[in-house]
Amino acid sequence: MISHKKKIIIIGAGVAGLSAGCYAQMSGFQTQIFEKHDKPGGLCTSWQRNGYTIDGCIHWLVGSSPSSAFYKFWEEIGAVQEKEFVYFDEYLNYETEDGKNLSFSTNLDILRENMINFAPEDKDQIDSFINFSKKLIDFQQPLEKPPELYTLNDGLKLISKIAPFLNLMRSLSKISISDFASRFKNQHLKNLFLRLWFPEFSLFFLSLTLTWLHKKEAGYPIGGSFSFAKGIEKRYLELGGKINYNSPVKKILIKDDKAIGVELENGTKHYSDIVISASDLYKTIFKLLEGKYVDEKIKKLFDMPIFPPLLYISLGVNRTFKDLPYSIEGFDISLKKSIKIDNKYENRMRVRIHNFDPTLSPQGKTLITIAFNSNYDYWRKLYDIKDEYKKEKNRIFEEILYNLDYKFPKITNDIEIWDIATPITFERYTENYKGSFEGWLLTPKNFNVIIPRKFMKLKNFYISGHWTLLGGGLPSALISSRWTIQLICHDNKIKFMEVAK
């Protein structure tokens, strides 16, 4: 491994910060990370409650299989070595209001059969969906280098590579899941598609995700999210990096429009040649940089839709659920009595049964999680009235139990622990903008938006993380950080190195 003695400070030890640290160390930089908490992972985390491990992040990991082009990137940062992955046969088990059931399979051929049996009147539309999804099976995203570093030759190679998929990509990217769902005649099938992902999301990435699941290239890592993050931390430390935990950054130090280091909340100052913020984008721009480098382009970013924050309910249950199928998103059930969430009533809820990971609960028991899209402003106001905040969480828990008892008789007697994380919980933990868990929603309207990884007026400063790529998620955190280090290497005339372990 080379060394040129240039120093980088990285803000945040989430997956983005750790990934940036790994690639920077491989490329010869001396790095240190400043993290506000006492542990790595950021949003990629789990927490303990009386013998249960509540997993708060990964449902499926794109690139978990060596057959995936993405696998090599996870391998480079030590994320997938010695990991056991579960590959699901079912994405979602959907129950209608009148008791019918549709298993949304991860196998496209089985999915076609299941949907046609469920809604034969929509055979033509179902065939269309399956056919264009299958056409994307061989599609590989161009990820090797950031678009900013593409040469003319790179561009020609890219066009040649994606040419067979270009028309389909353009077509699907202009259609939202909501628009596509409206084409079905069967009302239950319409409702199911609206529940698969966010209705505003681009149809292209729904189909692309289904191809990853179909090929068994997107699995769940046994041990959960925090265990996954610890693997990247281990790799970073082995490469010689340093992490300063319990060290929240107050601001980025600037001299003559150059980033020269950071000041911590405790008043200490630390200096470097380059600063990377792998922290929340809003916090970075308006707090750490004090809004000094905001332009109209940056302001417009925050007009885009974000992934709504979650109300995340977890239950530790004295049951195994061993007879139920392993399902990525669990059971989407119709409620016997609607539940008021924020200022609206929910008639359905998604019950995710973690029977696929025995490490999350004591033997013979199971973790269950339930998530609702929520409203940040509602919980922000409520949080300031502590008794009301706690009272609201208790009410929601009781209403969830009432409905669970219909789906799983007498389950109330088996509940051993429960936990509710609100949008304010996510905000307090990671300072993510409005408690959002993944950043920008990818919609037909913003499909081509490019988010800068560096500010032209501020030298030696870069950003990485899921806010820099539309659609968010752990793959975005990894790839954006890899690209950021490639940009830094290019700007400093240093060879970018990636070394798989």
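Mentor: Two strands pair if DSSP finds at least two bridges between them. Keep that in mind, as this is a predicted model and we start with its strands.

Trainee: What makes E5 and E9 a pair?

Mentor: Strand E5, residues 61-62, is joined to strand E9, residues 218-221, by two bridges. The cut-off is at least two bridges, so E5 and E9 count as paired. The two strands run antiparallel, and Val62 stands opposite Ala218 in E9.

Trainee: How do you know that E6 pairs with E9?

Mentor: By the same test: strand E6, residues 85-86, has two bridges to E9, in the antiparallel sense. Here Val86 stands opposite Tyr220 of E9.

Trainee: In what order do the three strands of the open sheet lie?

Mentor: The order is E5-E9-E6, with antiparallel pairing.

Trainee: Why are E5 and E6 said to stand at the edges?

Mentor: Each of E5 and E6 has a single partner strand, so one side of each has no neighbour in the sheet.

Trainee: Now the helices. Why are H12 and H13 called oblique to each other?

Mentor: Helix H12 (residues 376-383) packs against helix H13 (residues 386-407) at an angle of about 130°, and their axes are 7 Å apart. Roughly perpendicular covers 65 to 115 degrees, and roughly antiparallel needs an angle over 145. The angle of about 130° fits neither range, and H12 and H13 are therefore oblique.

Trainee: Which residues make that contact?

Mentor: H12 contributes Tyr378, Trp379, Leu382 and Tyr383. From H13 come Lys386, Glu388, Tyr389, Glu392, Lys393 and Ile396. By class, the contact has six nonpolar, four charged and no polar residues.

Trainee: Where is Asn375 found?

Mentor: Asn375 is in the loop between strand E18 (366-373) and H12.

Trainee: Is Asn375 buried, partly exposed or exposed, and what makes it so?

Mentor: Its relative accessibility is 34%. Buried means under 20% and exposed means over 50%, so at 34% Asn375 counts as partly exposed.

Trainee: Which residues does Asn375 touch, leaving out those up to four places away in sequence?

Mentor: Asn375 touches Pro309, Asp342 and Pro423. Lys161, by comparison, is 214 residues from Asn375 in sequence and 42 Å away in space, C-alpha to C-alpha.

How values were computed: Residues numbered from 1 in each chain as written. Predicted model: local features only at pLDDT ≥ 70, side-chain atom pairs only at ≥ 80, totals over all residues. Heavy atoms only, no water. Axes fitted to C-alpha atoms, helices over the stretch in contact; angles between N-to-C directions. Helix = DSSP H or I, 4+ residues; strand = E, 2+ residues; numbered from the N terminus. Parallel < 35°, antiparallel > 145°, perpendicular 65-115°, else oblique. Contact = heavy atoms within 4.5 Å. Nonpolar A, V, L, I, M, F, W, Y, C, P; charged D, E, K, R; others polar. Buried < 20%, exposed > 50% of the residue type's maximum accessible area, 1.4 Å probe, protein only.
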